[in-house]
Every structure is written in structure tokens, then in C-alpha cells.
2 protein chains.
Amino acid sequence: MANQFGERLKQLREQNNLLQRQVASILEIDTPMLSKIERGERKAKKEQVIQLARIMKVSNDELLTLWLADQIIDVTKDEDLALKAMQVAEDEIKYRKTKKKNK
Amino acid sequence: MANQFGERLKQLREQNNLLQRQVASILEIDTPMLSKIERGERKAKKEQVIQLARIMKVSNDELLTLWLADQIIDVTKDEDLALKAMQVAEDEIKYRKTKKKNK
DNA sequence: ATTTGACTTGTCAAATATTGGCAAATATAG
DNA sequence: CTATATTTGCCAATATTTGACAAGTCAAAT
């Protein structure tokens with residue numbers, strides 16, 4: 001029952017032959033915390049996601065996208081209306097982008 | 001700078017010729033609170049959204065969808081990656097639905 | 001100009017949630 | 001078995017959210 005960000009993070013950590021201990025130390029957190037992040041029990045902070053992208057040598061965007069997606073899934077959790085709501089949200093975000101000239 | 005749910009709520013309240021005072025009393029909150037909900041400064045609880053749908057004589061789904069959409073927009077706030085992340089989240093939700101037989 | 005009613009703003013403490021960290025349990029490897 | 005890696009459970013500190021109230025603005029009526 002993990003999340004997408006955590007799964008990818010673990011995969012990357014293994015590809016890079018790093019231990020939780022090592023990665024955790026760079027992020028200045030303890031290993032239990034990193035373990036929880038990998039298993040989706042805790043949420044990384046944005047700053048940590050960016051650090052992790054550098055450590056794992058992937059783009060910020062890749063990890064930030066997964067990280068954000070997890071949060072979206074989180075708020076829509078078990079709702080049936082999730083997909084409909086996402087459509088509405090998507091339209092609104094697009095709409096806001098077009099009128100970014102103002103304000 | 002309102003949100004979609006709040007705007008719709010206000011619209012419905014006016015269509016139904018109700019005062020904040022009246023609606024608030026049904027929800028058992030004070031008027032300042034309802035005012036804040038309409039202006040998107042505070043988030044209604046799911047239970048209140050359902051009550052409001054009844055009061056305003058619209059479907060639960062309509063209001064719940066807007067309410068959820070606002071929360072999605074909230075977590076993705078100013079992120080450029082919002083749309084990309086929503087796509088990822090959407091795929092994941094669809095995927096989870098297909099394998100709902102298990103669990 | 002003052003009163004009245006509807007709505008908004010600002011502030012606060014209480015309730016609730018999130019956080020980081022530790023100690024202990026459980027894997028996994030050698 | 002021993003050592004190292006990871007996970008689990010728990011707690012106190014911190015932060016966020018909540019509901020409530022007092023005071024504010026605003027418009028209409030008089």
C-alpha cells in the first residue's frame with residue numbers, strides 16, 4: 001500500500017546502490033523517517049524531494065510530479081467522484097493559466 | 001479570490017432566497033463561518049456539503065464534486081506541474097479502480 | 001443622520017493533526 | 001549466531017485547523 005513517489009524513490013535508491021542510512025544522512029533525517037517516506041507513511045517536504053532528485057540523478061520534475069500526484073490521490077482518497085472532481089479542477093487550473101496576465 | 005464550491009453555494013443560496021443567517025442556523029454554525037465558507041476562506045466538512053445539497057435542492061454529487069475539486073486545486077496550488085501530476089493521479093485512480101475486485 | 005439588518009474581518013484559545021526522533025522489533029545477509 | 005539494514009510503534013513538540021466571538025463595513029430605510 002505504498003505510493004508512487006515512495007516506490008520510485010526506493011527503486012532509485014537501489015539503482016544507485018545507496019542505503020537508507022546514507023540517503024537519510026544527506027537529508028539530515030533518521031533512517032526510520034526515510035523508511036516511512038519510501039513506504040508512503042510520511043510525506044517528504046518539497047525541499048527534500050528536490051534534494052532527492054539531485055542525489056538520485058533524475059530531474060526535479062519527475063519526482064515532484066509523483067510527489068504531487070500522491071497528494072492529489074490523498075485528498076480524493078476513496079471518493080467515487082475523484083475523476084469527475086479532477087476534471088473540474090483541471091479545467092479551473094487551465095482557465096486560471098489563461099488569465100495569468102492580470103493580477 | 002473565491003473557490004468554486006463557495007461561489008456555487010452563494011449562487012444557490014440567493015436563488016433560494018435564503019439568508020446566511022438561515023442557512024447557518026440549519027448547519028448549526030454561526031454566520032461568520034458560513035460567510036467564510038462561501039468566500040473560500042474556510043473549508044466545509046463533507047457532512048455539511050451534503051446538508052447543503054439538501055437545503056439547496058441539488059444533488060450531493062454536484063456539490064461534492066466542486067468541493068473536492070477545490071481541495072485538489074489547493075494541494076496543487078501554484079505548482080507548474082499541476083496538470084502533469086493530475087494526469088498521473090488520474091491514471092493511478094483508474095488503475096486502482098480496475099483492481100478493486102481484490103483487497 | 002441614525003437605525004437596522006446582512007454580511008465580513010480579525011482575533012483567539014481549544015481541539016486536532018503533523019512532525020521529528022528514539023527505542024525496540026523484525027528482517028536480511030554473512 | 002552476529003551484524004547490519006529496515007521497519008514498527010510510540011511520544012512529545014510543533015503547527016494547523018477549528019469554532020466562536022466582538023467589532024467592523026456597507027446599503028437601505030427612514
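In the predicted model, the residues of helix α6(B) that are buried (under 20% relative accessible area with a 1.4 Å probe, protein chains only) are B:A82, B:A85, B:M86, B:A89, B:E90, B:E92 and B:I93. Viewed down the axis of α6(B), these buried residues fall within an arc of 170 degrees, so they line one face of the helix, the arc being that of the directions from the helix axis to the C-beta atoms. Helix α6 of chain B comprises 17 residues (82–98) and reaches 24 Å from its first C-alpha to its last, close to the 24 Å expected at 1.5 Å a residue, where the expected span is 1.5 Å times one less than the number of residues.

Residues are numbered from 1 along each chain as its sequence is written, and local features need pLDDT of at least 70, whereas side-chain atom pairs count only at pLDDT 80 or more and totals for chains, interfaces and linings use all residues. Chains are lettered from A in the order in which they are written, and side-chain values use heavy atoms, with hydrogens and water left out.

DNA strand C is surrounded by 14 residues, the closest being A:R42, B:Q20, B:S35, B:K36 and B:R39, with a residue taken as near if one of its heavy atoms lies within 4 Å of the strand. Of the atoms of DNA strand C that come within 4 Å of the protein, 43% belong to sugar and phosphate. An N or O atom in the side chain of A:R42 lies 2.8 Å from a base nitrogen of DNA strand C, while polar side-chain atoms of B:S35 and B:R39 lie 2.7 Å and 2.5 Å, respectively, from a phosphate oxygen of the strand.

Conventions: Polar contact = N/O pair within 3.5 Å; in protein donor to acceptor, adjacent residues only side chain to side chain. Helix = DSSP H or I, 4+ residues; strand = E, 2+ residues; numbered from the N terminus. Buried < 20%, exposed > 50% of the residue type's maximum accessible area, 1.4 Å probe, protein only.
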